[in-house]
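This report walks through one protein chain, from single residues to the overall fold and back. Please keep the sequence and the structure in view while reading.

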Amino acid sequence: MKKSTFLVIGGAGYIGSHLVKALIEQQEQVVIIDNLSAGSASAVLGGELIVHDFDDREFLDNLFSSKHFDGVFHFASQIVVSESVKDPGKYYRANTAATLTLLEAMRDHKVGPLVFSSTAAVYGEPLYTPIDEQHPTNPLNPYGRSKLMVEHMLADFASAYNQKYIALRYFNAAGADPQARIGESHDPETHLIPLALQAISGKRPPLQLFGQDYATPDGTCIRDYIHVDDLASAHILAIHHLNNGGASGIFNLGSNHGYSVNEVIQTAARVTGKDVPLTYAPRRPGDPASLVADASLAKKTLGWQPKYTDLNQIIEHAWAWEQANS
Ligand code: UFG
C-alpha cells in the first residue's frame, strides 16, 4: 500500500509526539513543525523535525510549494486556562490568529485535510452529562473561546472553500507511551496526574487538592481521563476518514467514564505503593464540577476503540514515564 506523508504541527508536544510515534509505527512519512517553545526535540521519535513557528506565511508557502502532504494535524497551542484569563491576547494570537494563517495557506496551496486539536473546554459548565457534541458551547475562559473560534473558522472555510476538517474535542489527556519513551511534561505543569506523581517522587511539593465541596459523590471534581495513545489513534482514523471521502465534523474524545480527584489520588497511591502527599485548597476558579464525554459518535463514525480504558493502567504508564524521566 502506498504510504502517505503527513504534517504534524506541534509534534514535539505531549499529544503531538504520541501521534508522531503512532504514524512512524505505521511506516508513514512525517514532517513535524515545532518551535520547541513547549515541546522537546527528544520527544520526536522519528520523521523530519523542522524547528520553526508555524504561523509564518512565507515559511508555509515554501513548505507547501516544495512538499506534498496527505493531511495536516495541528496541535500547537497555548493551554493554561488561568493564564488565558490574565493574558487573553496571547491565546487569541497563538491559538486563533495563528491558525487562520495556517488555514489560508492550506487553502491557497490546496493542502488538506486538517485534524485540529480542540477541547472539552468549549462546553463550559455542563447542562447535562455525559456531554455529547450537541451540547451547547459556552466556554468559560479565553482558552476555550480561542479554540471554539477556530472551530467556527473551520466550518466557514469548509463551506466556502471546501476545505475538509475534523475537530477533536479532548477531555483529559493522560498517560504516556507504554514503553516510557515519551510522556507528559509541561512547564508550568498544571495537570492532576503528573502533579500527583511528582509529589510522590519528591520532585514537587505536596499536591493541592482544589475543592472538596462540589456537588459530586465525594465532593471533588469528576473528569474523564483518556490515554494519550488512544487520542493518537483517533487522529489517524480521522485523517483516513476524511481521505476516504468522509464528511468534516466534530468529535468528542473521552472514555465515557468519570473519576473524581479523590479516586485519581487513590489510584496513584495504589499504582505507586505510596501515599500522595496532599494539602487541601479552595476551588480553582473556572473548574466545572464534572466533565464526562459521550464519545459514541467517534466510535460509530470513525470506528474508534480506546485501548486503555482502565485508570490503573493509564497511571501505571504515567508513573513509568515519571520514573524514566527523573
Ligand atoms: N486538580 C487539583 N490539584 C492540582 C491540579 C488539578 O486538585 O494541582 C484538580 C482540578 O481542580 C480538576 C482536576 O484535578 O478538578 C483535573 O485538573 P487538570 O488541571 O488535570 O485538568 P482540567 O480538567 O482542568 O483541564 C482539562 C485540560 C485543559 C482544558 C480543561 C477544560 O487539560 O486543557 O480540561 O476544562 F482546558
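## A buried threonine

Thr-267 is buried, its relative accessible area being 5%. The model is a predicted one. Thr-267 sits in helix 8, which covers residues 261-272. Beyond its neighbours within four places in sequence, Thr-267 makes contact with Leu-311, Asn-312 and Ile-315.

Helix 10 spans residues 311-324. Glu-322 belongs to helix 10. Glu-322 is buried too, because its relative accessible area is 3% and the cut-off for burial is under 20%. Setting aside neighbours within four places in sequence, the contacts of Glu-322 are Pro-194, Leu-197, Gln-198 and Lys-203.

## Overall build

The protein holds 10 helices and 13 strands. Its radius of gyration is 19 Å, close to the 20 Å given by the globule rule for 326 residues, so the protein is as compact as a globular protein of that length. Along the principal axes, the C-alpha atoms fill a box of roughly 55 × 40 × 40 Å.

Burial covers 54% of the 326 residues. Among contacts with a separation of 6 or more, 77% are between residues 24 or more positions apart.

## Surface and charge

How much accessible surface does the protein have? The total is about 14000 Å². Carbon and sulfur atoms account for 50% of that surface.

The protein carries 25 positive and 35 negative charges. The mean positions of these two sets lie 2 Å apart.

## The nonpolar cores

The largest nonpolar core has 33 residues. Which of its residues touch the most other members? They are Val-8, Leu-19, Leu-23, Phe-73 and Leu-253. Several elements give two or more residues to this core. The strands are strand 1 (5-9), strand 2 (29-34), strand 6 (165-170) and strand 11 (249-253). The helices are helix 1 (14-25), helix 7 (228-243) and helix 9 (296-302). Helix 7 gives the most, with 8 residues. Another core lies apart from this one. That other core has 27 residues, including Ile-33, Phe-59, Leu-102 and Phe-116.

Leu-253 shows what one well-connected member of the largest core touches. Residues up to four places away in sequence are not counted here. Leu-253 touches Leu-168, Arg-169, Tyr-170 and Phe-171. Leu-253 also touches Ile-226, Leu-231, Ala-234, Ala-298 and Trp-304.

## Two cis peptide bonds

Gly-112 and Pro-113 are joined by a cis peptide bond, with omega at about -5 degrees. Pro-113 lies in a loop. That loop runs between helix 4 (88-108) and strand 5 (114-119).

The bond from Thr-129 to Pro-130 is also cis, with omega near -5 degrees. Where is Pro-130? Pro-130 is in the loop between strand 5 and helix 5 (142-161).

## Positive phi outside glycine

Leu-36 is not a glycine, yet its phi is positive, at about 60 degrees. Leu-36 sits in the loop between strand 2 and strand 3 (48-51). Leu-36 is partly exposed, with a relative accessible area of 29%.

Asn-162 is not a glycine either, and its phi is positive at about 60 degrees. Asn-162 is found in the loop between helix 5 and strand 6. Is Asn-162 buried or exposed? Asn-162 is exposed, because its relative accessible area is 63% and the cut-off for exposure is over 50%.

## A serine and its distant partners

Ser-84 lies in helix 3, residues 81-86. Ser-84 is buried, with a relative accessible area of 0%. Which residues does Ser-84 touch, not counting those up to four places away in sequence? They are Tyr-91, Asn-141, Pro-142 and Tyr-143.

Ser-84 and Pro-142 are 58 residues apart along the chain. Their C-alpha atoms are separated by 5.4 Å. Pro-142 is also where helix 5 (142-161) begins.

Notes
Residues numbered from 1 in each chain as written. Predicted model: local features only at pLDDT ≥ 70, side-chain atom pairs only at ≥ 80, totals over all residues. Heavy atoms only, no water. Helix = DSSP H or I, 4+ residues; strand = E, 2+ residues; numbered from the N terminus. Rg over C-alpha atoms; globule rule 2.2 N^0.38 Å. Buried < 20%, exposed > 50% of the residue type's maximum accessible area, 1.4 Å probe, protein only. Contact = heavy atoms within 4.5 Å. Areas by Shrake-Rupley, 256 points an atom, 1.4 Å probe, with all protein chains shown as cover. Lys, Arg positive; Asp, Glu negative; His and termini not counted. Charge placed at Lys NZ, Arg CZ, Asp CG, Glu CD. Core = buried A, V, L, I, M, F, W, Y, C linked by side-chain atoms within 4.5 Å.
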